[in-house]
Every structure is written in structure tokens, then in C-alpha cells.
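Got the viewer open and a selection box handy? Here's a short tour, one pick at a time.

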Amino acid sequence: MSRRFIVAAAQMGPIAADESRASAVARMIALMREAHARGARLVVFPELALTSFFPRWFIEDRAELARWFETEMPSSDTRPLFDEAARLGVAFHLGYAELTPEGRFFNTAILVDETGAIVGKYRKVHLPGHPEHEPWRPFQHLEKRYFEKGDLGFPVFDALGGKLGMCICNDRRWPETWRMLGLGGAELVVLGYNTPLHYPPAPEHDHLQYFHNELSVQAGAYQNGLWAVAVAKAGREEGCDLIGGSLIVAPTGEILARAATLGDEVITATIDLDRCAEIRRNIFDFKQHRRPEEYGALVAPVS
């Protein structure tokens, strides 16, 4: 059975604070249809794709905060996306804010197969930002306040004839994310991000945001012999500029496709999961070359 297929990165432009879920879903359906018309079997949407990036605001009222979260998936608002995916026979990845029945808050992503069934879930582990209001910032980044650290680890799922893993935004910057997924056998990693162009704690890095995005994804793909699809929510959203630069990367670290705009845009590439072996049998043959007995500091307690 061929493990060669077309994958699509469905970048999204800004979502206004008052834009409805139904509007965001309608935009995603349009992107999914375009991807399907190009032959894509998998469509990857961004992190927190249903709403504006609300961690930029300081929200004290828990009820007000909860309105940004999904209590069920699919919901009445998101059901049309699932139905369209099943009608088209297209799998997809979706990032959203999850409020569990137990009252826990997570930054979450799911993998949905070609029948519209959820076959995988991941909750963001590396939460960036800060836990308290910092008025000096031009905008907040309160993920540490609004979300719990993910409690599912870095699982890998059977889908599309291969092994798929997920991570979210800041996770991509941490090599441990990619290595855990690689050790789990992932052949394709999909992720979404909302990355501001301006980084208030170190503005001297602002001009490097696109470079660091690509560097992280290319290194993760190459050093673990896997494909990667990284997808932005981009553009000027509620006064905050988010980078675009969605990209599809081969196991060799080469960029096969890159978004050219800051709006809703589909990019596609043909991937072949069998090509992972090119790296895994050679440079990064884990069984032959890894030396885990020397890596103790990687799992030592944070000091």
C-alpha cells in the first residue's frame, strides 16, 4: 500500500474578538474544500483556530474566560466541519481551547480521520508566557494563567497508513518534543501556532521570528527523520501582529512549501512516509547511535 499522499496546511488570517465560531468554521470549510480540490487527504488548521487568541487579554472573571473554551467536540458550531470532512473523505487537525467536564482548562489539538471520527488528542505541554498580569506589556501572554500543562504526554496515533503525532506552538521550540514523538515512531508531526511578531521581553529578537519558526520545525523534522506541517494563525489580530510562514518540511529538513500571505491560505505538498527511512537508517538511526545512558540531565528535576 502506498504511503504517499498530499497534505495541506490551512493557514488562517486574523479572527476578531467578536467573530463567531460559525464564521471561523465557515472559513475552515472553504479552506478544506480548496485543499480537497488539490487532492489533499489531510488538512492541518492552526492552534486555537475557533477564536481570537484570547491569552493576550487579562481576564479575571472565570465565566468570561470560559466563553473562549469548548465544552464538547464536536459542538453545534463545529459539527459542520466534521460533516464536511466526512463528506469529502478528508482527515484534519484542529486546535482549540478545551474545558473538560471536571472544570479543567487545556490548550488542545485533535486529529480527525476521513470519516469524521476523532482518533487522537494532544494537550499542550510547553506553555509559554506568564501567570500574572504584567501591565508594562503592550499585550499579555497569559497561557500559564489560563491553561493547565497538558496531561497526555506526547502520544502517537495510527492514521493515514502511518504514525502521526501532534504538538502545539511553543512545543515546536523544544527539541524534547520532537525526540519524544520520534521515539514514539511518529512519521508525520502536525502543529498549529499563534506567534506574535513582537516579543516584549526581548524585542531584539523580533526580526528573527520567522527564522526561529523555520529553524525549529526543520531541525525537529531532520533530527528525527519525520515529516512536519506547521500552520499559523496570522496577520494583525486585535492590534497584535501574528507571523504567518506556515510550512511543510521533509525528513531531510527541506522546506517543500511555505505560505506567502498573512491571510487564509492553503499550501500543499506531496509527502511519502516511506522516506522517513532515509534518515532513520542512516544519520539518525536511534538504535545504533543514541546513547541514552549519557542523557540523564535531560530528565533531571528542574532546579
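Start by selecting Val43 and Phe92: in this predicted model, Phe92 of β3 is the bridge partner of Val43. Now widen the selection to the strands around that pair. Strand β2 (residues 40-44) runs parallel to β3, and three bridges link the two.

Stay on β3, which spans 91-99. Is it buried or exposed? Nine of its nine residues are buried, so the rest of the structure largely encloses β3.

Next, add β4, residues 105-112. Here the pairing with β3 is antiparallel, with eight bridges. For one of the partners, click Ala97 and then Asn107 in β4. The two strands make a hairpin with five residues between them. Pick Gly103 in that turn and check its phi, which is positive at about 85°.

Keep going outward to β5. Five bridges join β4 to β5, again in the antiparallel sense. Thr108 is a handy landmark, with Arg123 of β5 as its bridge partner.

Time to show the whole sheet. Six strands line up as β5-β4-β3-β2-β1-β14, forming an open sheet with mixed pairing. Which strands sit at the edges? They are β5 (118-123) and β14 (265-272), each of which pairs on one side only. Look along the sheet and you can follow the turn between neighbouring strands, 25° on average with direction ignored.

Now select helix α3, residues 79-88. This helix packs on the sheet and touches β3, β4 and β5. Its direction makes about 165° with that of β3.

While you're by α3, step back to the loop between α2 (62-66) and α3, where you'll find Pro74. Check the peptide bond from Met73 to Pro74: it is cis, with omega near 0°.

Two more backbone stops are worth a click:

- Leu160, in the loop between β6 (156-159) and β7 (162-168), has a positive phi near 55° although it is not a glycine. Leu160 is buried, with a relative accessible area of 8%.
- Cys169, in the loop between β7 and α5 (175-183), has a positive phi too, near 45°. Cys169 also counts as buried, at 5% relative accessibility.

Switch to side chains for the interior. Nonpolar side chains tend to be buried together in soluble globular proteins. In this chain, the largest nonpolar core has 49 residues, and Leu42, Leu188, Val229, Ile248 and Ile271 touch the most other members. Strand β9 (residues 227-232) contributes the most to this core, with six residues.

Centre on Ile271 and list what surrounds it. Beyond its neighbours within four places in sequence, Ile271 contacts Arg3, Arg4, Phe5, Val7, Leu188, Trp227 and Ile248.

Then colour the other core separately. This second one has 28 residues, including Val43, Val90, Leu94 and Val266. So which residue of your opening pair turns up in it? Val43 does.

Finally, zoom out to the full chain. You should count eight helices and 14 strands, in a C-alpha box of roughly 55 × 50 × 40 Å along the principal axes. The radius of gyration is 18 Å, which agrees with the value near 19 Å for a compact globule of 303 residues. Of those residues, 54% count as buried. Turn on the surface and you're looking at about 12900 Å² exposed, with carbon and sulfur atoms supplying 53% of it.

Note on methods: Residues numbered from 1 in each chain as written. Predicted model: local features only at pLDDT ≥ 70, side-chain atom pairs only at ≥ 80, totals over all residues. Heavy atoms only, no water. Pairing = 2+ DSSP bridges. Helix = DSSP H or I, 4+ residues; strand = E, 2+ residues; numbered from the N terminus. Axes fitted to C-alpha atoms, helices over the stretch in contact; angles between N-to-C directions. Contact = heavy atoms within 4.5 Å. Rg over C-alpha atoms; globule rule 2.2 N^0.38 Å. Buried < 20%, exposed > 50% of the residue type's maximum accessible area, 1.4 Å probe, protein only. Areas by Shrake-Rupley, 256 points an atom, 1.4 Å probe, with all protein chains shown as cover. Core = buried A, V, L, I, M, F, W, Y, C linked by side-chain atoms within 4.5 Å.
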